[in-house]
Number of protein chains: 4
Amino acid sequence: MSESSRYPTSLGTSTRDEINLMGHSLAEDLMGTVGFAELAFWMTANRRPTSGELRTFEAVLVALADHGFTPTAIAARLTYLSAPESIQGAIASGLLGGGSRFLGVTEDTGKFLNQALADAECPVPQTDAEFDDLARKVILEARAEKAVIPGLGHPVHKDGDPRTPRLLQIAEEGGTRGAHLRLFEAIGRVSEEVLGKKLPLNGAGVCGAALADIGLPVDFLRGFALLARTAGLLGQIAEERRNPVANKIYMHVDRNAEYTPCSTEEEV
Amino acid sequence: MSESSRYPTSLGTSTRDEINLMGHSLAEDLMGTVGFAELAFWMTANRRPTSGELRTFEAVLVALADHGFTPTAIAARLTYLSAPESIQGAIASGLLGGGSRFLGVTEDTGKFLNQALADAECPVPQTDAEFDDLARKVILEARAEKAVIPGLGHPVHKDGDPRTPRLLQIAEEGGTRGAHLRLFEAIGRVSEEVLGKKLPLNGAGVCGAALADIGLPVDFLRGFALLARTAGLLGQIAEERRNPVANKIYMHVDRNAEYTPCSTEEEV
Amino acid sequence: MSESSRYPTSLGTSTRDEINLMGHSLAEDLMGTVGFAELAFWMTANRRPTSGELRTFEAVLVALADHGFTPTAIAARLTYLSAPESIQGAIASGLLGGGSRFLGVTEDTGKFLNQALADAECPVPQTDAEFDDLARKVILEARAEKAVIPGLGHPVHKDGDPRTPRLLQIAEEGGTRGAHLRLFEAIGRVSEEVLGKKLPLNGAGVCGAALADIGLPVDFLRGFALLARTAGLLGQIAEERRNPVANKIYMHVDRNAEYTPCSTEEEV
Amino acid sequence: MSESSRYPTSLGTSTRDEINLMGHSLAEDLMGTVGFAELAFWMTANRRPTSGELRTFEAVLVALADHGFTPTAIAARLTYLSAPESIQGAIASGLLGGGSRFLGVTEDTGKFLNQALADAECPVPQTDAEFDDLARKVILEARAEKAVIPGLGHPVHKDGDPRTPRLLQIAEEGGTRGAHLRLFEAIGRVSEEVLGKKLPLNGAGVCGAALADIGLPVDFLRGFALLARTAGLLGQIAEERRNPVANKIYMHVDRNAEYTPCSTEEEV
C-alpha cells in the first residue's frame, strides 16, 4: 500500500507481543508507574508533567469534577432512567452539556488571559504593579466592547469562591503560578476600582488560568473540564443507582406541565 | 416545600461560602490532597481507596485509556472533523461505542467471575488447587451452554497479553490480588486442559477482575472503562488537531464506495 | 486497489454530475416525488411502501413524535440550556434516552408478537377465535415465566389509550391490519379473562404491531421510534428557544438538593 | 404549588382519557391526517404549512437525508459495530458530526441570505436586476472581509449540483420561491463576474435558502438537516446490518497505523 495510505500516530500501537503508548511499553513503562491524570496530561500535552504541574493538574480535575445537580448531571440521570442498559449513553448525554455556558468558562478564561498576554506590549509584566496595569487595560477594553471578563463573578459565591485561593496556593507550592494566574489575580485586585463593583474570581476561571500556566493548549481546555466531568457523572450515575431521583424530577415536571397555546397556532 | 420534593445527594452541594463534595470541603479537604483517580474511586465506591487499591485502580485506567485506532477513536476523530467547534460532541461520539463489543469485556469478566464465586459451594476457594477446580467447573459449564468465557483469548496477542502479568504483579504488590484475580488466573492455567487449545488471558479481562477485587460494583465496571477511554479520546483528538488523519480516512472510504444494488430494490 | 478494499452500498453515491440514492437520481427521481417518511421507509426496508403502508407508517411516526415533558425531552432541553451553540448535542442527548424503558415498548411489542406468530403451530391463525387461542397461550406462557406482556397496560390511560383504536382503524383502511395487529387485539380481548384484571393496549405497543405488519424488521423498530422522536425533540428545542423552562427545572432541582450522607462514607 | 412552578408548553400534554399535541387530539386530529414531515414543520414553525411549503420542505429533507459514506455515516457505522445493542447510540454518534463543517452549510446559507436581505436598503429587491445588484454588493463585502459565501462552490459537482435547479423548480411550482432563493440565484448569476471564477450553487445551500423562504427560523435550520440525516443514518445502519463495512474500515485503518514519534515526546 502506498505511503499515502498510512495513518501516523504517536499514541497507541501494538504488535503480536507488544502494546505501546507514545512509544513506551504500556505494561512495562506506564502501568503502575504513571498515574491516570499524569497519562491524560502526557497524551494531550505530548510531554510528561513535572510533579508540580501534575499536582496542579489533579487539583483542577478535582475542582471541576462535580458541582452537584447541574443541568449536565440532571440530563445524565434522566438518560440513565430511560436507558439504564447503556451507561455510555448516560455519560455522553451529560457531557453534551459541556458547551459554552456551563463548562465553557474554564476555556474562555484561559484563552482570554492568553490573548491579553500575547497582545501586551513586551516585555511580559514582571511585577504585581505591571500585572495590575495590564489588568486595568484589558478590563477597560472589554467594557468598551461590552464584553464580559471570563472568570469574574459568580451567581452564588458572591463574596469569594473558595476554590480560587486554594488553587493559587497549590500552584504557588508547585512552582506553576505563572503569568496567566498572576494576570487573573490582578484582574481580581483591580476590577472593583475599574468596574465600580466587587466581583469574585470564580473557580472555573482560576482553573483555566492554572491549566494555561502548566502549558496545556488554551483552545483545548474544555477537554480537561470534560475529563473531570466524566468522573463526576460516573459518581452521579452511581448515586442514581443507589438512591434515585430522576423519576421524581420527571414526575415533578410532567405534573406541572401547563398547556399554554402559542398565539400563532392554527386549526387543523 | 414538602419533604417529598427534596432531592437527596451525598455528592456536590454548596452554600454562599462553601462548596462540598461527599460532605468534605472541596477546597480545603480535597483539592491538592486527593488525586483525580482517587476522587473517581471515592465518588463511585463511596469510600476512599487504600493506597494499594488506588495503585491498582490507576494501573487499570492507564491500561484501558487508549488502544490506538479503535472504532471509538476513529468515530471521535471523524466527528471532530465534521464539528470541530464541539469537542464534547467528538468525545461523546467516541464514548458511545463503549458498548458490548469493544469496551464490554472488562465488565463481562468482572460479572462472570463474581457470579462464579457467588455460585461456588462454600467455602470460597483458598488454595490454587481449589481455584483450579472451580475454574474447570465454570469452563465446562460455559462450554455446555456454548457461552464464551469473557477475558479469555485475544485476536492479536495470541501468546499472551503483556498487560495481564503486569497487572497481576501490581495487584500482588498492593495487596489487592483477591478471589476474582485468582479465579481468573486459574482459568488461564486450566483452560488448555479443558478446551484443548491455548488461549491467553486478555488485558481487558484482567482489568475487570482487578476492579472487582478492589470492591468496585461489578455491574458498573463499564463506567471505569469509559472514564479511562475519555482520557484516551482526548489524546486522540489532541493528535487529530496536530496531525490529522480523519479526512484521509473519509476520503479512502468515500473513494472506494461501490454501488451495489440490493436484490429487493424497486423502481420508482 | 484490490477488490477487498471496496465498500459496497446501495444508498448514496455520486459522480461529478450525478447524485444517486438507492440507484435513483436524487434530483430527478426522488426530490419532489417521494415524501420524507416514504424515503425513510424505503432506505430501511429496501423497498418503496404501498400507499396504505405509507399512511400507517406516517401515523405511527406522528403517534410517537412527542409525549410532552418526557425524560428525553427534559434532558434535551437541559443540554440545550448548557450548550445552546450545539443543537446536534441537544438532539443527541435526548435520543440517548431512547433505550429499554421509555422508547423500548414499540420494539419489544413487535418482537414479542413476531416470535409468538413464528412459534405458533401452523397454520397461522385466520379467525378471531384462533387469534384468541394463540393470545391465551402466549399470555399464560409469559405469566409462567413472570414476564410482562409488552404493550399491555398504561400508567395513565388506564381505561384505554386513544391511539390504539385510531391506529387500528388507519391500518384497516390501508389494508395493513395483519397478523401482528390481530394478535395484539386478541391479547387485548382475552387478557382480563386470563390475568383477572383489565389492562389497556397501549399506544407504543400498537405502533410496534403496526410497523411489524407493514414489513419493517422487528429488531430495528426502535430506530423508527428514534426518527419520530427526533422531530419531537426539534419541537421541544424550538419551544425552549421561545419559551424556556430548562433553567427553571434546573433551579428547582438545585434548590431542593439535600445533602444526605452515605452510611459508608469515610473521613479524609 | 405556586404559579412559578408551572412549566408551560404548547406541545404534548395528556390526561387520563386524552393525548393532545399543540392543542389538538393526537388520535382524532393528527394521526392519519397530518403527515410526519408536516408535523415536524408544525411543531417547529408553530403553524401548519401550506401544501406548497410542505412539498418544498419534504424535498429539502429528501435532499439532505443521505450523502453516502460521509464522516457522520462512517462514525455511526463504527459506533454500531462497537455497541450494536444501542441503536440510539449509533444514531446519536452520527448526528454529533452535524456541526459547522458538514451539515452547517444549510444554516449558514439561510442566515447569510437573511442578513443580506435585512441589511438591504429598502425596499426589498423586486426584479432580477435588483437582486443581481444586491448579490454583487454582498459578494464584494464578503470578499473584502475574506469571508466565504456559504452555498457557493462544491468539491465534486464543479459544473453544477443537480439538486439546485430541481429544488428551485419545486419551490417555483409550490409558490415558495421567495427573496432568499432569488438572492441565492442572483449570487449564482453574478459570482463569476465578481470573483473571476465559475462556482456552482450547491445543494446544501439551496436547501437553506428554500427553508428560509418557507418561513422556518434561519438560526434553527441545522435542526432540519439533523432530522433529514436521522433518516439517512437509519438507512446506513440498516445497511450495516445487512451488508457490513465498518469492521473492514476499522481493519484498514488499524493495519495502516504507523507509529510516528512526536518531536516533543519525552522519556519516562
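**Exercise 1. Determine the operation that lays chain B on chain A, and state the symmetry that follows.**

Step 1. In this predicted model, a turn of 180 degrees with a shift of 0.0 Å along the axis lays chain B on chain A, and the RMSD is 0.0 Å. The superposition is by least squares on the C-alpha atoms of residues with pLDDT of at least 70 in both copies.

Step 2. The two copies are therefore related as by a two-fold rotation axis.

Step 3. Among the residues of chain B, Ala92(B) comes closest to the rotation axis, with its C-alpha at 2.3 Å.

Step 4. The same surface serves both copies, since 99% of the contact residues of chain B recur in chain A. Two residues count as in contact if their C-beta atoms, placed from the backbone, lie within 7 Å.

Conventions: residues are numbered from 1 along each chain as its sequence is written, and chains are lettered from A and ligands numbered from 1 in the order in which they are written. Local features need pLDDT of at least 70 and side-chain atom pairs count only at pLDDT 80 or more, whereas totals for chains, interfaces and linings use all residues.

**Exercise 2. Describe the composition of the contact between chain B and chain A.**

Step 1. Chain B gives 72 residues to the contact, and chain A gives 72 residues.

Step 2. On the side of chain B, the largest share is the 12 residues from helix 11 (residues 221-242) of chain B. Helices (H or I, at least four residues) are DSSP runs, numbered from the N terminus.

Step 3. By class, this side of chain B has 38 nonpolar, 21 polar and 13 charged residues. Ala, Val, Leu, Ile, Met, Phe, Trp, Tyr, Cys and Pro count as nonpolar, Asp, Glu, Lys and Arg as charged, and the others, Gly among them, as polar.

**Exercise 3. Characterise the packing of helix 11 of chain A against helix 5 of chain B.**

Step 1. Helix 11 (residues 221-242) of chain A and helix 5 (residues 87-95) of chain B have axes 9 Å apart and pack at an angle of about 45 degrees. Axes are lines fitted to C-alpha atoms, for helices over the stretch in contact, and angles run from 0 to 180 degrees between N-to-C directions.

Step 2. The two helices are therefore oblique to each other. Angles under 35 degrees count as roughly parallel, over 145 as roughly antiparallel, 65 to 115 as roughly perpendicular and the rest as oblique.

Step 3. Arg222(A), Gly223(A) and Leu226(A) of helix 11 of chain A make the contact with Ile87(B), Gln88(B) and Ile91(B) of helix 5 of chain B.

Step 4. This contact has three nonpolar, two polar and one charged residues.

**Exercise 4. Describe how chain C meets chain A.**

Step 1. The contact joins 31 residues of chain C to 31 residues of chain A.

Step 2. Helix 4 (71-82), helix 5 (87-95) and helix 12 (246-255) of chain C each give two or more residues to this side. Helix 4 of chain C supplies the largest share, eight residues.

Step 3. By class, the side of chain C has 16 nonpolar, 12 polar and three charged residues.

Step 4. Chain C is laid on chain A by a turn of 180 degrees and a shift of 0.0 Å along the axis, with an RMSD of 0.0 Å.

**Exercise 5. Analyse the packing of helix 2 against helix 3 within chain A.**

Step 1. Helix 2 (residues 36-45) and helix 3 (residues 51-64) of chain A pack at about 105 degrees, with their axes 10 Å apart.

Step 2. Helix 2 of chain A is thus roughly perpendicular to helix 3 of chain A.

Step 3. Ala37(A), Glu38(A) and Phe41(A) of helix 2 meet Leu54(A), Phe57(A), Glu58(A) and Leu61(A) of helix 3. The residues of this contact are five nonpolar, no polar and two charged.
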